[in-house]
Amino acid sequence: MSDSAQHAETGATALEVEDLRVSIDGTEILHGVSFSLAAGERLGIIGGSGSGKTITALAIAGLLPRGAVVTGSVRANGRELLGLPDRELASIRGDRIGMVFQEPKTALSPFRRLGAQMTEALAIHYRLGRAERRAAALRLAAQVGLKDPERMVRAYPHEVSGGQRQRAAIAAAISASPGLLLADEPTTALDVTVQRGILELFTEITDSESCSLVCITHDIAVVNQVAERVVVFEAGRIVEQGAVREILERPQHRVTQALIAAAGSEAA
Amino acid sequence: MKTLRRVVRRPVGAFAIAVLALVALVSIVSLFWLPQNPNYASGNVWLPPSADHWLGTDGSGRDIASRLIAGSRVSFGVALGTGALASVIGFLLALLGGLGKRPVREVVAVGIDVLVAFPTTLLAIMLTAVFGSGIPIVIAALGIAFGVSMGRVMRAEFRQVQGADFVVAAQVAGLSRTRILFRHLIPSVLPVYIVQVTWTMGTAVLAEASLSYLGFGAPKDVPSWGGMLASTQRFVSIYPETVLWPGLAITITVLAFFLFGDQLRDALDTRDPVDETAEVPR
């Protein structure tokens with residue numbers, strides 16, 4: 001296991017969220033959230049439904065619905081993202097931030113081949129030709145552990161399994177080597193054995209690509225497996241954060257305790 | 001093309017395509033050749049089928065077979081014209097109402113609801129009253145009416161696809177709005193769109209027949225299936241076969257359009273035939 005201390009030594013901050021508040025239709029649903037992430041670090045965000053974890057991810061990616069009012073600060077590699085116009089945000093997304101979703105069924109367009117979708121961000125940020133793009137697709141397919149890349153890049157999403165789709169979606173997210181990968185419940189829709197493979201892939205990618213990971217989940221086992229540090233959300237606030245091992249061994253807040261207890265009873 | 005082959009391979013699909021091809025062929029042939037002048041009233045009324053008059057003559061002594069053949073081009077032309085006009089109108093409405101800015105979306109949504117509530121037949125009758133009867137008027141009326149309902153369906157489709165994860169992912173990947181529209185949104189709604197167009201064409205055949213029957217469709221000197229029904233229906237108890245032919249032509253053509261649409265939908269739908277979440281070891 002790579003240790004967080006090593007990453008911390010490299011110093012650079014990949015993501016810094018400060019006093020992030022989000023209101024939708026006049027109701028504040030995120031009440032001042034602050035956390036930061038070192039380059040190459042893997043952070044787990046955990047909390048129940050409606051605790052604000054997904055809203056946080058959307059706010060970081062600049063994907064909140066138009067009616068949302070966001071205040072505070074989100075800095076990626078020292079650059080403020082909040083309040084950036086769409087066009088500038090578009091050049092940052094994909095290039096700097098990749099995103100992986102919960103449901104592999106809807107994460108890919110059903111009408112386009114996996115290869116084309118995996119290299120989309122890459123192709124627009126680097127203007128690749130057809131042959132270069134194909135080579136990139138094959139390389140990415142191999143990188144995310146898709147067996148038989150030749151077949152995979154030509155397949156449509158419905159022709160492959162859920163796990164393979166999720167791998168393709170991850171390939172798409174990392175194609176332009178972003179510094180930050182946002183994964184929103186990336187394994188919730190997959191069965192346990194497939195889940196393990198995907199989480200190992202995240203670890204591999206963050207280790208080899210000097211990419212940081214924010215993994216949002218409600219499952220403490222996922223945090224335990226993939227993250228070095230964890231942030232616990234409840235009702236739009238962070239109630240506890242720290243190193244995963246410490247939090248798992250000595251949870252302070254009742255929400256954390258409840259989440260751990262829930263995982264325990266599931267395993268039993 | 002692959003999709004069409006998939007449609008032909010099924011018996012129902014093959015039947016639908018065969019009927020539509022036949023109607024298309026007959027209407028093209030009718031432009032250059034007809035067995036008799038369809039409007040010539042020979043005076044020999046209610047003749048039984050013979051070598052001269054394949055299906056006999058009607059109450060004015062006009063050749064039924066020729067009128068049937070000539071009528072096909074009205075039905076088919078209206079189907080094509082309405083399909084084309086309705087798809088353009090429907091697409092534009094869906095685009096504005098589904099993907100426009102919020103005020104535009106809401107205005108379009110209300111506008112669509114108002115227009116959908118307006119009866120198609122009434123619209124056609126009003127247009128005819130203003131501009132006189134004619135095939136272009138029929139196409140305009142049906143195209144507008146059906147275009148609006150298509151817009152309603154397609155708008156919902158656009159809204160749905162726009163919220164899909166892969167569209168959000170494309171946004172995150174930094175794709176521009178235009179690129180997302182052409183790469184992701186349009187391809188995703190296309191299957192539904194195509195099926196809507198075929199259904200619209202079938203309904204247009206039916207609607208044209210009703211309008212012509214009512215006297216607001218094809219002008220009196222243009223033979224049409226609906227007009228044939230109108231001119232023979234009073235004698236249905238004496239000469240049932242003269243009503244049968246145009247009725248049969250309408251029914252089979254409309255059915256073929258609908259079946260074609262159904263088959264096309266099945267063939268186009270690549271979305272998840274089976275649910276499988278496990279990673280298959282190879």
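**Close-up 1. Leu43 and its bridge partner in a predicted model.** In S9(A), Leu43(A) finds its bridge partner in Arg229(A). That bridge belongs to the pairing of strand S3 (residues 42–46) with strand S9 (residues 229–234), both of chain A, which run in the parallel sense over 4 bridges. Keep in mind that this is a predicted model. S3(A) is a good place to start looking, as it has the highest mean pLDDT among the elements of chain A, at 93.

**Close-up 2. The open sheet of chain A.** Zoom out a bit and S3 and S9 turn up next to each other in an open sheet of 6 strands, with the order S6-S7-S8-S3-S9-S10 (chain A) and mixed pairing. The edges go to strand S6 (97–100) and strand S10 (237–243) of chain A; each has a single partner strand, so one side of each is left without a neighbour in the sheet. On average, neighbouring strands here are turned by 15 degrees against each other, direction ignored.

**Close-up 3. Helix H2 on the sheet.** Here helix H2 (residues 53–61) of chain A lies across five of the strands by name: S3, S6, strand S7 (180–184), strand S8 (212–217) and S9 of chain A. Relative to S7(A), helix H2 runs at about 145 degrees.

**Close-up 4. Where chain A meets chain B.** In this view, 36 residues of chain A are in contact with 25 residues of chain B. Helix H3 (86–92), S6, helix H5 (120–126) and helix H8 (162–174) of chain A each bring at least two residues to the side that touches chain B. Sorted by class, that side of chain A has 17 nonpolar, 10 polar and 9 charged residues. S6 of chain A, then, shows up here as well as at the edge of the sheet.

**Close-up 5. The start of chain A.** Handle this end with some care: helix H1 (residues 4–10) has the lowest mean pLDDT among the elements of chain A, at 44. Over residues 1–10 of chain A the pLDDT is below 50, and beyond near neighbours in sequence this stretch has 13 contacts in the model. For chain A overall, the mean pLDDT is 85, with 94% of residues reaching 70 or more.

**Close-up 6. Annotated spans of chain B.** An unreviewed UniProt entry puts "domain: ABC transmembrane type-1" on residues 72–261 of chain B. In the model that span is 84% helix and 0% strand, and its end C-alpha atoms are 20 Å apart. UniProt (unreviewed entry) also lists "transmembrane region" features in chain B, including residues 12–34 and 108–129. Residues 12–34 of chain B are 91% helix and 0% strand, with end C-alpha atoms 30 Å apart. For residues 108–129 of chain B, the figures are 91% helix, 0% strand and 28 Å between the end C-alpha atoms.

Note on methods:
Residues numbered from 1 in each chain as written. Chains lettered and ligands numbered in written order. Predicted model: local features only at pLDDT ≥ 70, side-chain atom pairs only at ≥ 80, totals over all residues. Pairing = 2+ DSSP bridges. Axes fitted to C-alpha atoms, helices over the stretch in contact; angles between N-to-C directions. Contact = placed C-beta atoms within 7 Å. Nonpolar A, V, L, I, M, F, W, Y, C, P; charged D, E, K, R; others polar. pLDDT = per-residue confidence, 0-100. UniProt positions renumbered as here; feature names shortened; annotations may be inferred.
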